[in-house]
Amino acid sequence: MNPLHNIILPEPTLRRLPWYLAYVEILRNKRVKYVSSTRISRALSVDASQIAKDLSFLGVKGRTRIGYEVEALTHALSDFLGFSRAHKAYVIGTGSLGKALIRDSGLSNYGLDIVAGFDIRPDIISREDLGVPIKHMNEIYDTMQTTPAEIAILTVPPEVAQESADIAIGAGIKAIWNFTPYRVKVAEGVVMANTSIYAHLALIYTRLDSAEVQ
C-alpha cells in the first residue's frame, strides 16, 4: 500500500483535491504537459500558495518556472483520493435518486462499482432494467456473502434512514454515504459521509431571496 494513503488530511484540503483533479484532467485531455499552481489558482479561485501546500501532501513537487507535470499530477491525485481503485457499493432505497445513481456510469470512473440495490417494494424488486439486481432489504446479509460491498449509499425516506443504516452495518458494510436529510448515527470505526442535497438547496434559495431583497 502506498504510505501516502495513511496520511490524515485536513478536511478542507481533502475537499479541494477533487477540484484540482477535475481541472488537470481537462488539461490532460487538451494535451497540456505542465501546469503551475498559479494557473490552477486562476481557474479555481484558490490561492496559489494553498494549492502548493495541498499538493505537498501527495509527495508531488513542481519544477521551478515550469510547474507540475499534468500526467503525473493526474495519476497522483486519482490514486491518493482512491479513485483509481475499485470500491463495491450497494444502493439502499431505489427510488428516483437511487435509480439515478445506479444508472450513473460516470461513478465507475471514480472507482465506485455499484453491484446491487435494495428496497422493500415488490414492484421495484422485480425490475430488471437497472443493470444490477434489485433485492429485498432482508437479502442484504446473504448478498454480502456472495457479492460483498464496502459502501452503502443511503437514498431511503428519512424516517427509515437510521434503521436502514443499522441493517447495512450489521451485515458488514464499512461505510455509509448518506443522501437523506436525516443525520444518521454510526458506530465508531464506520466511515460516514453526508451529502445534503436539501441543505444546499435551502442555501441557494436563501441567498436568492437575499439577493432579491437587496
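The buried residues of helix α3 are covered by elements that include α1 (11-29), α2, β2 (68-69) and α4 (70-80). Contact here means heavy atoms within 4.5 Å. Helices (H or I, at least four residues) and strands (E, at least two) are DSSP runs, numbered from the N terminus. The structure is a predicted model, in which local features need pLDDT of at least 70, side-chain atom pairs count only at pLDDT 80 or more, and totals for chains, interfaces and linings use all residues. Residues are numbered from 1 along each chain as its sequence is written, and side-chain values use heavy atoms, with hydrogens and water left out.

The protein chain contains 9 helices and 8 strands. Its C-alpha atoms fill a box of roughly 60 × 55 × 35 Å along the principal axes. Of the 214 residues, 37% are buried. Buried means under 20% relative accessible area, exposed over 50%, and partly exposed in between (1.4 Å probe, protein chains only). Among contacts with a separation of 6 or more, 61% join residues 24 or more positions apart.

Helix α3 spans residues 48-56, and Ile51, Asp54 and Leu55 are buried in this helix. Seen down the axis of α3, the buried residues fall within an arc of 95°, so they line one face of the helix. The arc is that of the directions from the helix axis to the C-beta atoms. Ser49 and Lys53 are exposed, and they sit on the face of α3 turned away from its buried side.

Helix α4 has as its buried residues Val70, Leu73, Thr74, Ala76, Leu77, Ser78 and Phe80. Their cover includes α1, β1 (34-35), α3 and β2. Helix α3 thus appears in the cover of α4, and α4 in the cover of α3. Gly82 follows α4 and has a positive phi, near 85°.

Two residues of helix α2 were examined. Ser37 belongs to this helix, which runs over residues 37-44. Ser37 counts as buried because its relative accessibility is 18%. Residues up to four places away in sequence aside, Ser37 touches Ala48, Ile51 and Tyr68. Ile51 is also one of the buried residues of α3. Leu44 lies in α2 as well. At 24% relative accessibility, Leu44 counts as partly exposed. Leu44 touches Trp19, Tyr20 and Tyr23, again not counting residues up to four places away in sequence. Between the C-alpha atoms of Leu44 and Thr94 the separation is 35 Å, and these residues are 50 apart along the chain.

Aromatic pairs were then considered. A pair of aromatic rings is described by the distance of the centres and the angle of the planes. Rings of Phe, Tyr and Trp (its six-membered ring) pair if their centres lie within 6.5 Å; planes under 30 degrees apart count as stacked, over 60 as edge-to-face and the rest as tilted. The count by this rule is 3 aromatic pairs. One of them joins Phe83 and Tyr110, edge-to-face, at 5.0 Å centre to centre with 90° between the planes. This pair links distant parts of the chain, 27 residues apart. Phe83 is in the loop between α4 and β3 (87-92), and Tyr110 in the loop between α5 and β4. Tyr110 is partly exposed, with a relative accessible area of 38%. The rings of Tyr90 and Phe118 have centres 5.0 Å apart and planes at 65°, so this pair is edge-to-face. Tyr90 lies in strand β3 and Phe118 in strand β4, so the pair ties together parts 28 residues apart in sequence. Tyr90 and Phe118 are both buried.

Ile125 lies in helix α6 (residues 122-125). With 22% relative accessibility, Ile125 counts as partly exposed. Neighbours within four places in sequence aside, Ile125 is in contact with Asp119, Ile120, Ile134, Lys135 and His136. The C-alpha atoms of Ile125 and Glu71 are separated by 43 Å, with their positions 54 residues apart along the chain.The second largest pocket holds about 450 Å³ of space. On a 1 Å grid over the protein atoms alone, a pocket is an open set of points where a 1.4 Å probe fits, with protein on both sides within 12 Å along at least five of seven lines; lining residues have an atom within 4 Å of a point. The lining comprises 24 residues, and Gly93, Val156, Pro157, Val160 and Ser164 lie nearest the centre. The largest share, 3 residues, comes from α8.

Key. Grid points are joined across faces, edges and corners, and a volume is the space filled by probe spheres set on the points.
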